Amino acid sequence: MSAKRALITGITGQDGSYLAELLLEKGYEVHGLVRRASTFNRGRIEHLFSDMNTPDRPIRLHYGDLCDSNSLLRVLRESQPDEVYNLAAQSHVGISFEIPEYTGDVTALGTTRLLEAIRTLGATGRFYQASSSELFGKAVTSMQDESTSFYPRSPYACAKAYAFHLTRNYREAYGMFAVNGILFNHESPRRGENFVTRKITMTLAKILAHQQECLFIGNLEAKRDWGYAPEYVEGMWRMLQHPVPDDYVLATGCSVSVREFLEMCLRHACIPFERQGEGRSETYVDTRNGKTIVAVDPYYYRPTEVDGLCGDAAKACRVLGWEPKTTVEELSKIMLEADCKALGVELGARGEVGVPVSSLA
C-alpha cells in the first residue's frame, strides 16, 4: 500500500512546519506550497530535508501562490494529494488593517481558488481550512464554541469568515470532504516574531543578553486562549481522519491577558519588576537597576480591539479524542527558554525566580 499524500499550503509557517513533521512521522508523503521570494524563508522546515538530491524523499516543495489559480491547478495535478491542509494566509491581525485588500485576496479569495481548483480537477481528497478564533471578535458569550455567532473585528477576521462559510458551502453544495478548524491562539518557539507572545519572549531574551533595552507593546488587557501549536496540528489531522466532515473548535478553555503572559515571562526570566503609571503611559521597571524594560506604545493598538476570547473544545474532545496538554504557564517558559538558548542565555544560571514587588502585580 502506497503512502498517503498530503499537500500543505503555508508549510514554511509555524503550523505548516509542525504539521509536516507530524505527517512524516505517520508515514505520509508530504508536499508543500511555497511562494517565490528573494530571501530564503524555510528555516522552520530546513531540518526535514536530509538530502535534497534524493529523488524519493518523502517531502517535496512546489512553487505556487494562493493568488495564482493556474499554479494551484498545477501543484494539485503534480501532488495528487489525499489530504489538503490550507494553512497559508496573511495571518497577522494588526497588519491586516494596513493591507486589507491583500489580506482579503490571499486569505479569503485564496481559499476560493484552492477549493475551486480541487473541484475543477474532480479531486476526492479531504480538505482542511484553517479558521481562527478571531471570527468571534467582539464575542457575544464568555466561552465560544462551534455554535457561537461570528463578530469579526479586523480585515483578517472578515477574510477568515468568508473562507469559513465558503468551505462549508463547498461541503454542502458539492459533497466535498471539507472541514473548518476554528483554532484559538496557539504558540511555540516557531511563532512569527511580530506576534505578541513571541515578541515578548524574544525581546526579554534580548534584554537578558544585553542586546536590547526595552519591550514596546500595545494593549496589555486583551485576553486570549493560548495553547501549544504542536498539539493543535494533531487536531487538524484528526479532523481529516474522522469519517464525517464537520467543523471543530480547538482551544484550552483558559483565557489570560497579555499582561499575565508578560508577567509569567518576567518571572521565568528572574527579573523583579514594578509597574509604574497606567493606561497608555504604563511602564515596567527592573527594580534592581531602575531601568524601564517594558513600555506601552499606542502605535500597537488596533482600530477595533478584540477584548477577550476563550474557547470551548468539548466537541473536539468528545468526537475526535483531542485535548490540549500544555498550560499557558508551561508554554511561556518553553518559548522564553528557546529564545534565550538561541542567544546563549541560561535562565537557570540567574538564581531564584524573581517576584514582582508592586502590589499591583
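Ile293 sits in strand β15 of this predicted model. Is Ile293 buried or exposed? Its relative accessible area is 4%, and Ile293 is therefore buried, the cut-off for that class being under 20%. Once neighbours within four places in sequence are set aside, the contacts of Ile293 are with Ile207, Glu213, Cys214, Leu215, Leu266, Ile271, Tyr284, Val285 and Asp286. A far-off partner helps to give a sense of scale: Gly64 is 229 residues away from Ile293 along the chain, and 42 Å lie between the C-alpha atoms of the two.

Strand β15 also takes part in an open space in the model. Rolling a probe the size of a water molecule over the atoms shows where empty space is left. The second largest pocket has a volume of about 270 Å³. Which residues come closest to the centre of this pocket? They are Ile207, His210, Gln212, Asn289 and Lys291, out of 13 residues in the lining. Two elements, α6 (196-208) and β15 (291-296), each give two or more residues to this lining. The largest share is that of β15, with 3 residues. Sorted by class, the lining of the second largest pocket holds 5 charged, 4 polar and 4 nonpolar residues. Ile207, one of the residues closest to the pocket centre, is also among the contacts of Ile293.

Attention can now turn to the nonpolar cores. In soluble globular proteins, nonpolar side chains tend to be buried together. How many residues make up the largest nonpolar core of this model? There are 36, and those with the most contacts inside the core are Ile8, Ile11, Leu19, Leu23, Tyr85 and Tyr128. Helix α7, which covers residues 229-241, supplies the largest share of this core, with 7 residues. A look at Tyr85 makes the picture more concrete. Apart from neighbours within four places in sequence, Tyr85 is in contact with Ala6, Leu7, Ile8, Thr9, Leu19, Leu23, Tyr128, Met236, Trp237, Leu240 and Gln241. A second core, separate from the largest one, has 33 residues, including Val258, Tyr284, Val294 and Cys340. Of these, Tyr284 is in contact with Ile293.

Val294 leads on to another buried residue, Arg275, which is found in strand β13. The C-alpha atoms of Arg275 and Val294 are 9.2 Å apart, and 19 residues separate the two along the chain. Arg275 has a relative accessible area of 17%, so this charged residue counts as buried under the 20% cut-off.

Two residues have a backbone angle worth a closer look. Although Cys270 is not a glycine, its phi is positive, at about 60°. Where does Cys270 lie? Its place is the loop between α8 (258-268) and β13 (273-276). Cys270 is buried, with a relative accessibility of 7%. Gln80 is not a glycine either, and has a positive phi of about 45°. This residue belongs to the loop that runs between α2 (69-79) and β4 (83-86). Gln80 has a relative accessible area of 46% and is thus partly exposed, a class that lies between 20% and 50%.

A last point concerns the confidence of the prediction. The average pLDDT of the chain is 92, and 93% of the residues score at least 70. Over residues 349-361, however, the pLDDT is below 50. Beyond near neighbours in sequence, this stretch has 24 contacts in the model.

How values were computed. Residues numbered from 1 in each chain as written. Predicted model: local features only at pLDDT ≥ 70, side-chain atom pairs only at ≥ 80, totals over all residues. Heavy atoms only, no water. pLDDT = per-residue confidence, 0-100. Contact = heavy atoms within 4.5 Å. 1 Å grid on protein atoms, 1.4 Å probe; cavity = no way out; pocket = protein on both sides within 12 Å on 5 of 7 lines; lining within 4 Å. Points joined across faces, edges and corners; volume = space filled by probe spheres on them. Helix = DSSP H or I, 4+ residues; strand = E, 2+ residues; numbered from the N terminus. Core = buried A, V, L, I, M, F, W, Y, C linked by side-chain atoms within 4.5 Å. Buried < 20%, exposed > 50% of the residue type's maximum accessible area, 1.4 Å probe, protein only.
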